[in-house]
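Subject: Handover of a structure

Dear colleague,

Please find below the structure that I am handing over to you. I would be grateful if you would keep it open while you read the notes that come after it.

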Amino acid sequence: MKILLPIDGSKSSLNAAKYVAKLASNSRSPIKVTLVSVHDDTGLTHVKQFVSKSVVDDYLREISEKELKPAQKVLDAARVKHSMVIKRGHIAEEIITLANKEKVDIIVMGAKGRSALLDVLIGSVAQRVSSLAKQPVLLVK
C-alpha cells in the first residue's frame, strides 16, 4: 500500500503521521509512505524583488524540513519505510499532482492545518484535496 502523507507542521498533521504509523504496525502487507511538504510562495512575491531566488528556496526548504522532522521521527520509531518530497506551489494542486504521479492508494492528512483563519476565508486545503483527489482521502483530527 502506498500512502501520501501531507505535513504542514500542525498538530493535526502530526496526528495523521501517528495514525499512519499505527496503521502500518497493524498491516500485514508492506506500507510505503511519502511525506510531502508544500509551501505556497505567492505571498513572497514582494520579498522576491529584494532577495535572490536561492535565498527564498533555502528558506522554504528549511521550513519544510523543520515541519517534516516530527513526522519522520514518528515513522522512524514505528519502522515505517518512507520518503520525503518538498514542493512549492498551490498546496492542494501539488498534493493531488504528487498523489497521481506516485500512484498512491490513499491520502492521509490532517483535517485542520496551520492556518485556521485562512481556512474560514477560502476553504481548507483538506477540503480541496478531498473534493479533487481520485484517491480516497482520510482526514485525521
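The notes below deal with the strands, then the salt bridges, and then a patch of surface charge.

Please bear in mind throughout that this is a predicted model.

Strands

A convenient place to begin is strand β4, which runs over residues 106-110 and is mostly covered, with five of its five residues buried. The cover extends to both faces of the strand. On one side lie Ile106, Val108 and Gly110, and on the other Ile107 and Met109, all of them buried.

Two strands may be followed outward from β4. Strand β1 (residues 2-6) pairs with β4 in the parallel sense, over two bridges. Here Ile3 has Ile106 in β4 as its bridge partner. Strand β5 (residues 137-140) also pairs with β4 in the parallel sense, in this case over four bridges. For Ile107, the bridge partner in β5 is Val137.

Strand β1 is itself mostly covered, since four of its five residues are buried. Besides its pairing with β4, β1 pairs with β2 in the parallel sense over five bridges. Pro6 has Val36 as its bridge partner in β2. Strand β2 spans residues 32-39.

Salt bridges

In general, side chains of opposite charge can pair when their charged atoms come close. A search of the whole structure finds five salt bridges, and three of them are described here.

The side chains of Arg88 and Asp41 form a salt bridge, with an N to O distance of 2.4 Å. This pair links distant parts of the chain: Arg88 belongs to strand β3 (residues 81-88), whereas Asp41 is in the loop between β2 and α2 (45-48), 47 residues apart. Are these two residues buried or exposed, or partly exposed? Arg88 has a relative accessible area of 28%, and is therefore partly exposed. Asp41 has a relative accessible area of 12%, and therefore counts as buried, the cut-off for that class being under 20%.

Asp57 and Arg88 also meet through their side chains in a salt bridge, at 1.9 Å from N to O. This pair, too, links distant parts of the chain, with Asp57 in helix α3 and Arg88 in strand β3, 31 residues apart.

A further salt bridge joins the side chains of Lys53 and Asp57, at 2.9 Å from N to O. Both residues lie in helix α3 (residues 53-77), and they are four residues apart, about one turn of the helix. Lys53 counts as exposed because its relative accessibility is 60%, and the cut-off for exposed is over 50%. Asp57 is partly exposed, with a relative accessible area of 25%.

Taken together, Asp41, Lys53, Asp57 and Arg88 are linked in a network of salt bridges.

Surface charge

Which residues gather in a patch of positive charge on the surface? They are Lys2, Lys32, Lys81 and Lys103. Of these, Lys32 is found in strand β2, the strand that pairs with β1. Its relative accessibility is 31%, so Lys32 counts as partly exposed. That value also meets the requirement for patch residues, which is over 30% relative accessible area and no salt bridge, as far as the area is concerned.

With kind regards

Terms used: Residues numbered from 1 in each chain as written. Predicted model: local features only at pLDDT ≥ 70, side-chain atom pairs only at ≥ 80, totals over all residues. Heavy atoms only, no water. Patch = residues over 30% accessible without salt bridge, like charges linked within 9 Å, V, L, I, M, F, W, Y side chains within 5 Å. Areas by Shrake-Rupley, 256 points an atom, 1.4 Å probe, with all protein chains shown as cover. Salt bridge = Lys/Arg side-chain N within 4 Å of Asp/Glu carboxyl O. Lys, Arg positive; Asp, Glu negative; His and termini not counted. Charge placed at Lys NZ, Arg CZ, Asp CG, Glu CD. Buried < 20%, exposed > 50% of the residue type's maximum accessible area, 1.4 Å probe, protein only. Pairing = 2+ DSSP bridges.
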